[in-house]
Amino acid sequence: MPPLLIVVGGLPATGKTTVAAEAARRTGFSYLRVDTIEQAIVRTTPLAQPLGPVGYVVAQEVAADLLRTGVSVIAECVNPLAVTRDAWRDTGRGRGAHVLEAEIVCSDPAEHRRRAETRDTGIPGLVPPTWAEITGREYEPWTRDRLVVDTARRSVDDAVAVIVAAARLRR
């Protein structure tokens, strides 16, 4: 059976890290978090944020190695642009994997803002974006089908169940 690449994207503070990490625990898939990779780069090199494509490229190369060995992967990142979405899809398909793209949204602006203003990234040294930075960032509308999971309307357990069920259908 070919491996599966699940790409979990969405704006910061929508719940994508919580959902993606729990989905990885439940499925046993490898988990790649672009924020962790980017912060490691910032911590150990002269580079600083914004890093541009660096974190995504590193994550995609690691995902490609895992997929090539038959290991399924959940990759979590904002994934804000068509070019980043295409690169993830190409990474999976180029390694013979099935690809599931999931966008995590929080349709309640007050709840989304509360999360943004109170969250801990869990990554030492990583300063989360402000609400103004989240709402002002570039985030291109999707132009192809993807699984949309609204964390304002679903619990973490329900959100993960939706993704895991969709993953089973992809395999």
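In this predicted model, helix α1 holds a set of buried residues: K16, V19, A20, A21, E22, A23 and A24. The helix runs over residues 16-27 and has twelve residues. From its first C-alpha to its last it reaches 16 Å, close to the 16 Å expected at 1.5 Å a residue. An α-helix has 3.6 residues a turn, so residues three or four places apart point the same way. Cover for the buried residues of α1 comes from several elements. Among the strands are β1 (4-9), β2 (30-33), β3 (73-76) and β4 (98-105). Helix α7 (156-170) is also included in this cover. G28 follows α1, and its phi is positive, near 80 degrees.

The loop between β1 and α1 contains T14. T14 has a relative accessible area of 2%; because this is under 20%, T14 counts as buried. The T14 side chain reaches the backbone oxygen of L11 at 2.9 Å. Not counting residues up to four places away in sequence, T14 touches I104, V105, C106, H112, R115 and T151.

A second threonine, T121, sits in another loop, the one between α5 (109-118) and α6 (131-136). T121 is likewise buried, with a relative accessible area of 9%. Its side chain reaches the backbone nitrogen of I123, at 3.2 Å. Leaving aside residues up to four places away in sequence, T121 touches R33, L126 and P128.

Attention now turns to the pockets. Rolling a probe the size of a water molecule over the atoms shows where empty space is left. The largest pocket has a volume of about 970 Å³. It is lined by 42 residues, and those closest to its centre are P12, D35, V78, P129 and R137. Four elements each give two or more residues to this lining: α1, α2 (34-44), α6 and α7. Helix α1, with its buried residues, thus appears again here, as a contributor to the lining of the largest pocket. By class, this lining has 19 nonpolar, eleven polar and twelve charged residues.

The second largest pocket has a volume of about 160 Å³. R89, R93, V99, L100, E101, R144, D145, R146, L147 and R170 line this pocket. Helix α4 (82-94) and strand β4 are the elements that give two or more residues to the lining. The largest share, three residues, comes from β4. By class, the lining of the second largest pocket divides into three nonpolar, no polar and seven charged residues. Strand β4 is also among the elements that cover the buried residues of α1.

One lining residue of the second largest pocket, L147, lies in strand β5 (residues 147-150). Not counting residues up to four places away in sequence, L147 touches L100, E101, A102, E103, V162, I163 and A166. Of these partners, L100 and E101 also line the second largest pocket. L147 and V162 are 15 residues apart in sequence. In space, the C-alpha atoms of L147 and V162 are 8.8 Å apart.

Definitions and conventions: Residues numbered from 1 in each chain as written. Predicted model: local features only at pLDDT ≥ 70, side-chain atom pairs only at ≥ 80, totals over all residues. Heavy atoms only, no water. Expected span 1.5 Å × (residues − 1). Buried < 20%, exposed > 50% of the residue type's maximum accessible area, 1.4 Å probe, protein only. Contact = heavy atoms within 4.5 Å. 1 Å grid on protein atoms, 1.4 Å probe; cavity = no way out; pocket = protein on both sides within 12 Å on 5 of 7 lines; lining within 4 Å. Points joined across faces, edges and corners; volume = space filled by probe spheres on them. Nonpolar A, V, L, I, M, F, W, Y, C, P; charged D, E, K, R; others polar. Polar contact = N/O pair within 3.5 Å; in protein donor to acceptor, adjacent residues only side chain to side chain.
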